[in-house]
Amino acid sequence: MNDEFLLKKLQERQEHNAFRRLLLPDGKTDFCSNDYLGIVRNQLLENKLCEHTQLFFKHGSTGSRLLAGNYALVEETEKKLAVFHEAEAGLIFNSGYDANLGLLSCVPQRGDTIIYDYLSHASLRDGIRLSFAQSFSFRHNDLADLEKRLQAATGTIFVVTESVFSMDGDMAPLIDISVLCEQYGAHLIVDEAHATGVVGANGEGLVQQLNLQAKCFARVHTFGKAVGCHGAIILGSDRLRNYLVNFSRSFIYSTALPEASVAAIRCAYELFPFMQEERAHLQQLINTFQHAPIAIGSNWEKLVSFTPIQIVVIPGNDPVKKVAGALQAAGLDVRAILYPTVPAGKERLRIVLHAFNSMQELHKLLWVLGG
Ligand SMILES: Cc1ncc(COP(=O)(O)O)c(C=O)c1O
């Protein structure tokens with residue numbers, strides 16, 4: 001088969017020093033994964049599921065939820081998670097990507113307006129692109145720019161943001177955003193992917209920490225990060241759940257998650273309230289990183305972040321790859337985020353802190369960074 005037509009774009013990637021490769025884990029200290037609480041690393045779900053040896057969980061669901069793939073455990077779990085997150089209802093999707101795509105592509109209609117933070121995740125943007133509504137971004141976390149967009153909006157209005165931003169680690173000013181939404185009659189959609197399990201006394205997320213659950217039209221919690229599993233839930237009203245079951249194509253036209261996956265998600269949520277120590281240690285690591293001086297490179301910038309995602313901007317694909325290489329050589333798994341994933345000049349180290357990282361490991365990382 002002739003596939004030479006693929007070459008041109010691949011060569012462009014190589015010329016920009018931005019060619020992506022899949023790497024296998026090689027035992028370095030994890031400053032990269034989204035396993036914030038160590039649920040995967042410490043095999044907490046495997047151990048907890050072993051307590052239920054009398055139970056048998058199927059590894060296949062045999063169909064989409066509207067056909068053969070629906071079962072009692074998934075519906076019970078949706079109800080349990082809705083209670084945990086203080087929502088009326090929830091609907092489980094196969095991934096966070098599917099959830100965002102399925103929500104944004106089907107709810108806003110032609111003539112409506114979607115206003116989204118410029119740094120919103122690709123899954124939100126792809127859902128917006130599939131919608132027939134008009135869409136505008138507002139400058140990252142910029143309330144004045146958001147209000148300007150709200151003033152010009154027509155039809156039913158949706159405001160989309162992440163609570164914790166995946167590539168910057170900072171948080172959205174959700175209280176102020178919710179006030180603006182109320183003022184302009186807009187429907188607030190919050191992606192809690194990186195807040196789930198980490199933010200809030202029991203890991204409920206930023207919305208509940210700020211008591212804004214009643215102000216949200218929809219919330220998305222993903223299970224591939226601190227939850228240590230796979231999948232996502234969209235939380236909202238009973239009516240929204242019914243609507244998604246009827247119109248959300250990534251829900252309707254995909255085989256449901258199997259029982260084994262849903263049982264694991266449920267176990268992880270049962271663990272959250274007992275992970276106070278993990279969250280407290282994580283906070284200590286975050287404070288230490290934020291207060292540490294990072295000396296090398298006059299054009300480096302450490303971003304302000306009170307979450308496990310810590311960013312050092314090192315402009316240029318070559319320089320940032322060099323620093324990531326030095327960290328890797330020291331046995332620390334830190335990855336460079338390159339252009340075009342982030343804008344040119346904003347290339348960065350994305351350092352992810354975990355409850356299982358020791359203070360010594362963090363000091364070693366800071367030492368390599370010249371702190
Ligand atoms: C903010 C945000 N939303 C959604 C997703 C997609 O979630 P999933 O990995 O479960 O598809 C991600 C994953 O990177 C994310 O960072």
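**Entry 1: helix 3 and helix 11**

I looked first at how helix 3 passes helix 11, and the crossing is left-handed (the near helix is turned anticlockwise from the far one by less than a right angle; clockwise would be right-handed). The model is a predicted one, in which local features need pLDDT of at least 70 and side-chain atom pairs count only at pLDDT 80 or more, while totals for chains, interfaces and linings use all residues. Residues are numbered from 1 along each chain as its sequence is written, and side-chain values use heavy atoms, with hydrogens and water left out.

I noted that helix 3 covers residues 72–84 and helix 11 residues 259–271, and that their axes come within 10 Å and cross at roughly 25°. Helices here are DSSP runs of H or I with at least four residues, and strands are runs of E with at least two, numbered from the N terminus. Axes are lines fitted to C-alpha atoms, for helices over the stretch in contact, and angles run from 0 to 180 degrees between N-to-C directions. Helix 3 and helix 11 are therefore roughly parallel (angles under 35 degrees; over 145 is roughly antiparallel, 65 to 115 roughly perpendicular and the rest oblique).

I then listed the residues in contact (heavy atoms within 4.5 Å). Helix 3 contributes Leu73, Val74, Glu76, Thr77, Lys80, Leu81 and Phe84, and helix 11 contributes Glu259, Val262, Ala263, Ile265, Arg266 and Tyr269. By class I found 8 nonpolar, 1 polar and 4 charged residues in this contact. Ala, Val, Leu, Ile, Met, Phe, Trp, Tyr, Cys and Pro count as nonpolar, Asp, Glu, Lys and Arg as charged, and the others, Gly among them, as polar.

**Entry 2: helix 12 and helix 14**

I found the axes of helix 12 (residues 276–291) and helix 14 (residues 359–368) within 11 Å, crossing at roughly 20°. That makes helix 12 roughly parallel to helix 14. Their crossing is right-handed. Gln284, Leu285, Thr288 and Phe289 of helix 12 meet Met359, Leu362, His363, Leu365 and Leu366 of helix 14. I recorded 6 nonpolar, 3 polar and no charged residues in this contact.

**Entry 3: helix 4 and helix 9**

I read an angle of about 95° between helix 4 (residues 96–106) and helix 9 (residues 238–247), with the axes 10 Å apart. The two helices are therefore roughly perpendicular to each other. Gly102, Leu103 and Cys106 of helix 4 meet Leu240, Tyr243, Leu244 and Phe247 of helix 9.

**Entry 4: the ligand**

I counted 13 residues around the ligand (a heavy atom within 4 Å). The closest are Gly96, Tyr97, Asp191, His194 and Lys225. An N or O atom in the side chain of aspartate 191 is 2.6 Å from a nitrogen atom of the ligand. A polar side-chain atom of histidine 194 lies 2.7 Å from a ligand oxygen atom, and one of histidine 121 lies 3.2 Å from an oxygen atom of the ligand.

**Entry 5: backbone**

Most residues other than glycine have a negative phi, and most peptide bonds are trans. I found the bond from tyrosine 339 to proline 340 to be cis, with omega near 15°. Proline 340 lies in the loop between strand 12 (335–337) and strand 13 (348–352). Asparagine 17 has a positive phi, near 55°.

Technical notes. A polar contact is a pair of N or O atoms within 3.5 Å; within protein, one must be able to donate a hydrogen and the other to accept it, and residues adjacent in sequence count only if both atoms are side-chain atoms.
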